[in-house]
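Q: Please take a close look at one part of this model: its aromatic rings. Go step by step, in short sentences.

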Amino acid sequence: WEKNMETKASIRTKYKTLRNAMPENIVREESQRICQNISTWEIFQKAQNCFFYYPLGKEASLLPLFKESIQKRAAFPRVRGEEMDFCEVNSTDDFQEGYFHVMEPKDEIPAIDLVELEQEKTIVFTPGLVFDINGGRSGYGKGFYDRFFQKYKKVIRVGIALSCQLAEQVPMEAYDIPMDYLVTPEKIYKVTDNRDENK
């Protein structure tokens, strides 16, 4: 187990370095391709709620997609202590710098009542440092998304990865929750197709 944790830490470091080394224009170009893949994707078109994230540093940016998703309820995360809420936002003016220098919905914007949420119609776009096509994901080690997915098990979990963020295998712990789909600049992977259900 110790060894697994160590590999997790070293994988994080490795992929963070790879991502940070990507030229801005490539990140922009790959982000655009990811947005295009999502915009024509049936699951996205049918979803009523889209939970985005505000890109930090060289994370793939879905902001162009957010601006186009007018018919959907769009929300962004806001961190409160150990928890993460999602708040409905209508424009990029609704943000302020929050936890960890990430842009978050302003304080006066109420959190969505997630108890009322139609989870099956909610896509949660999930950032991370590294993903694999079996649904493995490694984030920043804070566990916000894992705790959120633990509570809301039926939302559609969609990992977002630049081309340099795809590993052969990401070590997963028992509490790590796998993605349902993974979107890269090249394609959209339906994770359950790659997962061995008997494991």
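A: A charge sits over a ring if NZ of Lys or CZ of Arg is within 6 Å of the ring centre and within 35 degrees of the ring normal. Lys-72 fits this: it lies over the face of Phe-44, 5.0 Å from the ring centre. Arg-157 places its charged end over the ring of Phe-149, at 5.8 Å from the centre.

The model is predicted, so local features need pLDDT of at least 70 and side-chain atom pairs 80 or more, while totals for chains, interfaces and linings use all residues. Numbering starts from 1 along each chain as its sequence is written, and side-chain values use heavy atoms, without hydrogens or water.

Now the ring pairs. The whole structure holds 15 aromatic pairs (Phe, Tyr or Trp six-membered ring centres within 6.5 Å; planes under 30 degrees apart are stacked, over 60 edge-to-face, the rest tilted). Take Trp-41 and Tyr-181: their ring centres are 4.9 Å apart and their planes at 75°, so this pair is edge-to-face. Trp-41 is in the loop between helix 2 (24–39) and helix 3 (42–46), and Tyr-181 is in strand 10 (residues 181–183), so the pair ties together parts 140 residues apart in sequence. Helices (H or I, at least four residues) and strands (E, at least two) are DSSP runs numbered from the N terminus. Both Trp-41 and Tyr-181 are buried (under 20% relative accessible area, 1.4 Å probe, protein chains only; exposed is over 50%, partly exposed in between).

Tyr-54 and Phe-95 also pair edge-to-face, because their centres are 4.8 Å apart and their planes at 65°. Tyr-54 and Phe-95 are both buried. They belong to one aromatic cluster, with Phe-44, Phe-52, Phe-66, Phe-76 and Phe-125.
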